[in-house]
Amino acid sequence: MRRVIYPGTFDPVTYGHIDIVRRAVALFDEVVVTVAINPSKKPLFTTDERVEMLRESLKEFDSKVIIDSFDGLLVEHAKQVGATAIVRGLRQISDFEFEFQMALMNRKLSGDITTIFLMPHERYTYLNSTVIRNVASLHGDISNFVPPVVHEALKKKFG
Ligand code: ADP
């Protein structure tokens, strides 16, 4: 049983994240999508809301995808859930430096967990949760970028 963990803030989940999950599902038996609680980031959505939106958005993958949340060290959580790898999305060069640092640090902390980078479809390379939150707050149309459950939740937040 090969299990991978996909950590992120997911504030909120977008079609870019879902593209990465789809690719990870094709490579592994199980994908644990884990919401980083990290209150210092002051997320728009609570942890429970982010978990719930992921549950709804990732239904099609059934039991191949498990959703949870974590607080603390990612490599410790990865070990707890029995993951042998961490998956992260790489959209463009600007993602690289931070991701590279984090992957090397995680490898120092736990040499037996490997970080794997997956590239989304080109149509998602410019998408990130911050842009979605900003456009939604200005009442722009974000329906092509996020699943319906997220669209509804953003409408509720911003009226
Ligand atoms: P974090 O705060 O951990 O970066 P995010 O929710 O912003 O949390 O991103 C989680 C992961 O998903 C990261 O690896 C990020 O690069 C990736 N990601 C975010 N948006 C996209 C996208 N549009 N396409 C592919 N990967 C993405």
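Me: Which backbone atom does an oxygen atom of the ligand approach, and at what distance?
Reply: In this predicted model, an oxygen atom of the ligand lies 2.9 Å from a polar backbone atom of F10. A polar contact is a pair of N or O atoms within 3.5 Å; within protein, one must be able to donate a hydrogen and the other to accept it, and residues adjacent in sequence count only if both atoms are side-chain atoms.

Me: And which side chain is 3.0 Å from an oxygen atom of the ligand?
Reply: That is R88, through an N or O atom of its side chain. In addition, a polar side-chain atom of R91 is 3.1 Å from a nitrogen atom of the ligand.

Me: How much of the ligand's accessible area does the protein cover?
Reply: The protein covers 89% of the 550 Å² that the ligand has on its own (Shrake-Rupley method, 1.4 Å probe).

Me: Which residues come nearest to the ligand?
Reply: Y6, T9, K41, G89 and L127 do, out of 16 residues around the ligand (a heavy atom within 4 Å).

Me: Which elements supply at least two residues of that shell?
Reply: They are β1 (3-8), α1 (15-27) and β4 (85-89). Helices (H or I, at least four residues) and strands (E, at least two) are DSSP runs, numbered from the N terminus.

Me: Back to F10, where is this residue placed?
Reply: F10 is in the loop between β1 and α1, and its phi is near 50 degrees, a positive value in a residue other than glycine. P12 is also placed in the loop between β1 and α1.

Me: What kind of peptide bond joins D11 and P12?
Reply: The bond is cis, with omega about 0 degrees. Most peptide bonds are trans, and most residues other than glycine have a negative phi.

Me: Changing topic, how many helices and strands are there?
Reply: The protein chain has 6 helices and 5 strands, in the order β-α-β-α-β-α-β-α-β-α-α from the N terminus. Its C-alpha trace spans about 45 × 35 × 30 Å along the principal axes.

Me: What are the ground rules for these values?
Reply: Residues are numbered from 1 along each chain as its sequence is written, and side-chain values use heavy atoms, with hydrogens and water left out. Local features need pLDDT of at least 70 and side-chain atom pairs count only at pLDDT 80 or more, while totals for chains, interfaces and linings use all residues.
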